[in-house]
Amino acid sequence: METLKKKLQASMLTPPRILAGGFALIILLGSLLLMLPISNANGEVLPFVDALFTATSATCVTGLVVVDTGTNFTMFGQIVIILLIQVGGLGFMTMATLFALAFKKKISLKERLILQEAMNQGSMEGIVRLIRKVLLYALAIEGTAAVLFTIRWAFDMPFGQALYFGIFHAVSFFNNAGFDLFGQVSGPFSSLTSYVGDPLVNIVAMSLIILGGIGFIVLSDLFEYKTKKKFSLHTKVVLSMTSFLIVFGTIVIFIFEFTNPDTLGSLNWFEKFWAALFQSVSPRTAGANTIDIGLMRQASQFFIVLLMFIGASPGSTGGGIKTTTFTILVGAVISMIRGKEDIVLFRNRLAKDRLNKAVTLVLLALGLVITVTMILSTTEDHSFLMILFETVSAFGTVGLTMGLTTDLSLIGKILISLTMFIGRLGPITLAYAVGPKNERELYRHPEGKITIG
């Protein structure tokens, strides 16, 4: 009986459930730390809902904030936030593996299964080796960016503050979190608007966002290209779609905002280019901005909603339905129009289950966005586009806002927090976590036909 009970308990602790539970515990711990008077500049206790919202946003690497990070939190509170971002971005299992490897502890089969789920891998083969690379790449990229940021900001502030800003924003932007401290310099919720035309800040920030968003599998392929002399299909798809979305997004934003006096209209040509490019990169789940998103034209704001919904790439620090999912759907449409049976990308045929998973993911994501938007439309007294923008930003773990976040009601804060949590885990992973354990079907139903179109 005792053995049966243990087996039952073990079967319930599936990798998706462990991931969901792990993230929930980290968020709860972060909430309790952010509530402490030592975390808040006014020396008072932060309301639990606000602390929960902030901790969820940091752990889910989103960037939506109900209170300004730079002015409302002490250094202790800011360090708690950046630690939550690092753990949330790289994954708590990745950090746990780091300590296990440091103490020469063997990684068990179940831990490898959890890592496989966390990194969105198809198999466990080489998973520990990939985790080592993840940690190495992350520290190297964040360290390099921190140095460059520090050098640039040392011209605008004391060196100690510049160093602190450099480290904080390097971690925040690489993990696609979007948290910033520039409320201390340019006013609350100002983000990088003071550096709209600064080439160094723009290049470093966008490089961090892109490198964090393409995924560690792609980073590994890029770093090892000299020895392998080829890219995997996954890397080719991610790089091509990422490049297309950035270029296309820059052109669209540049055209729609060119004459808008509140955004690009008042800037010179050089600044217009940097601003349009940054706003095309940032919706890929980063959350930083160099122009006021709330003052953009509605066409641009809706276009950013689409970019946020697509999001980053699998195995990255970003959210959204992912570039590969979007590519598969586009490939399916093209194949159908051409009368082809298979989806072919870079002379490789995709298995049918890839399309099934892509369609499932998109429908679950749309269902979540529609449901949350409808509920918020009844609880929040704001325009529909503003509510839709906030919802997609939370689902895609982006962090951009048209100004709704600080005005959210209690129900709105809880709902957006839940949306960020689901967006970070992924709808399919969460469905596996809360659903019954999968059992192999012993039979198949007869095939039927229905009319489509």
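# Buried charges, a small patch and some empty space

Asp50 and Lys413 are both buried. They also pair up, in a salt bridge whose closest N and O atoms sit 2.7 Å apart. With Asp50 in helix α3 (residues 48-59) and Lys413 in helix α20 (residues 410-425), the bridge ties together parts that are 363 residues apart in sequence. Keep in mind that this is a predicted model. Here's a quick tour of the salt bridges, the nonpolar surface patch and the spaces inside.

**Salt bridges**

- The count comes to four salt bridges, going by an N-to-O cut-off of 4 Å.
- Side chains of opposite charge can pair when their charged atoms come close.
- Arg152 bridges to Asp198, with 2.6 Å between the closest N and O atoms. That pair joins distant parts of the chain, 46 residues apart: Arg152 belongs to helix α8, while Asp198 is in the loop between α10 (183-186) and α11.
- Buried or exposed, what are Arg152 and Asp198? Both of them are buried.
- Asp156 comes into the picture too, since Arg152, Asp156 and Asp198 are linked in a network of salt bridges.
- Asp353 and Arg354 meet through their side chains in a salt bridge at 3.0 Å, N to O. Asp353 counts as partly exposed because its relative accessibility is 40%, and Arg354 is also partly exposed, at 38%.

**The nonpolar patch**

- Val147, Leu148, Ile151, Phe155 and Leu200 make up a nonpolar surface patch of about 490 Å².
- Which helix gives the patch its largest share? That's α8 (residues 127-153), with three residues.
- Leu200 comes from helix α11 (residues 199-214). Its relative accessibility is 33%, so Leu200 counts as partly exposed, and that figure clears the cut-off of over 30% for patch residues.

**The cavity**

- Rolling a probe the size of a water molecule over the atoms shows where empty space is left.
- The structure has one cavity of 30 Å³ or more, and the largest cavity holds about 60 Å³ of space.
- Its lining is made of Ile209, Ile210, Gly213, Ile214, Thr242, Ile246, Val281, Arg284, Ala312 and Ser313.
- By class, that lining splits into six nonpolar residues, three polar and one charged.
- Helices α11 and α14 (233-257) each put in at least two lining residues, and α11 gives the most, with four.

**The second largest pocket**

- How much space lies in the second largest pocket? It's about 460 Å³. The pocket is lined by 25 residues, and closest to its centre are Phe189, Ser190, Ser191, Asn289 and Thr401.
- The make-up of this lining is eight nonpolar, 14 polar and three charged residues.

**One more spot on α14**

- Helix α14, already met at the cavity lining, also carries Ile255.
- Ile255 is exposed, because its relative accessible area is 57%, above the 50% cut-off.
- Ile255 and Ser300 are 45 residues apart in sequence, with 9.3 Å between their C-alpha atoms.

Note on methods:
Residues are numbered from 1 along each chain as its sequence is written. This is a predicted model: local features need pLDDT of at least 70, side-chain atom pairs count only at pLDDT 80 or more; totals for chains, interfaces and linings use all residues. Side-chain values use heavy atoms; hydrogens and water are left out. Patches are made of residues with over 30% relative accessible area and no salt bridge: like charges are joined within 9 Å, nonpolar side chains (Val, Leu, Ile, Met, Phe, Trp, Tyr) within 5 Å. Accessible areas come from the Shrake-Rupley method with a 1.4 Å probe; for residues, only the protein chains shown count as cover. Buried means under 20% relative accessible area, exposed over 50%, partly exposed in between (1.4 Å probe, protein chains only). On a 1 Å grid over the protein atoms alone, a cavity is a set of points where a 1.4 Å probe fits but cannot get out, and a pocket is an open set with protein on both sides within 12 Å along at least five of seven lines; lining residues have an atom within 4 Å of a point. Grid points are joined across faces, edges and corners, and a volume is the space filled by probe spheres set on the points. Ala, Val, Leu, Ile, Met, Phe, Trp, Tyr, Cys and Pro count as nonpolar, Asp, Glu, Lys and Arg as charged, and the others, Gly among them, as polar.
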